[in-house]
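Reader: I am new to this structure. Could you walk me through it?

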Amino acid sequence: MKRSCFLLLPLLLAVLLAVACGSSNTTTPDVSAGADLYQEKCSVCHGAERGGGIGPGLVVHGLTDGQIETVIREGRAAMPSWRGSLTGEEIDNLVAYLSED
Ligand code: HEC
């Protein structure tokens, strides 16, 4: 009886660890996916190098992650809202890409 407990404990820990790691993976934004998406959807207005065009340059922008997310989600003036066409995960990836140095 006691012996089987000793065998179960490491197994239980391994399962917990796997669950914890698995869930953190799915919430970590994917910067390179954000970069691809940027080229596809945003570069027309903000420039391939994020230097600006119709929209402002997005290299040095002084915006917080939350502000970037709000502008993408809600739009602002001539900046379209992407709420209906991008998933939350895609927006997170874009925010991660745009807040990179
Ligand atoms: C149709 C052209 C257009 C497209 C496409 C576009 N934007 Fe914009 N964006 C703008 C304009 C214009 C502004 C400035 C809005 C204003 O004057 O307040 C802006 C502003 C922004 C800002 C705020 C910049 C600042 O300094 O305040 C962010 C962040 C941004 N856009 C991100 C994106 C992302 C990410 C995408 C792709 C999903 C995107 N934009 C696609 C035109 C565009």
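**Around the ligand**

Author: Happily! Helices α3 (43-46), α4 (65-74) and α5 (88-98) each contribute at least two residues to the shell around the ligand. Please keep in mind that this is a predicted model.

Reader: Which residues come nearest to the ligand?

Author: The ligand has 22 residues around it. From that group, the ones that come nearest are Cys-42, Cys-45, Gly-55, Ala-78 and Met-79.

Reader: How many residues of the shell around the ligand are nonpolar?

Author: Let's sort the shell by residue type. Two of its residues are charged and three are polar. The nonpolar residues in the shell number 17.

Reader: How many helices does the secondary structure of the chain have?

Author: Starting at the N terminus, the elements run α-α-α-α-α. There are zero strands, and the helices come to five.

Reader: Is Arg-50 buried or exposed?

Author: Arg-50 sits in the loop between α3 and α4, and its phi is near 65°, a positive value in a residue other than glycine. Within 10 Å there are 20 other C-beta atoms. A residue with 20 or more counts as buried, so Arg-50 is buried.

Reader: And Ala-77, is that residue buried or exposed?

Author: The loop between α4 and α5 holds Ala-77, where phi is also positive, near 50°. Inside 10 Å, Ala-77 has 7 C-beta neighbours. The cut-off for exposed is 12 or fewer, so Ala-77 is exposed.

Reader: What percentage of the residues in the chain is buried?

Author: The chain has 101 residues. Arg-50 is one of the buried ones, and the buried share of the chain is 13%.

Technical notes:
Residues numbered from 1 in each chain as written. Predicted model: local features only at pLDDT ≥ 70, side-chain atom pairs only at ≥ 80, totals over all residues. Near = placed C-beta within 6 Å. Helix = DSSP H or I, 4+ residues; strand = E, 2+ residues; numbered from the N terminus. Nonpolar A, V, L, I, M, F, W, Y, C, P; charged D, E, K, R; others polar.
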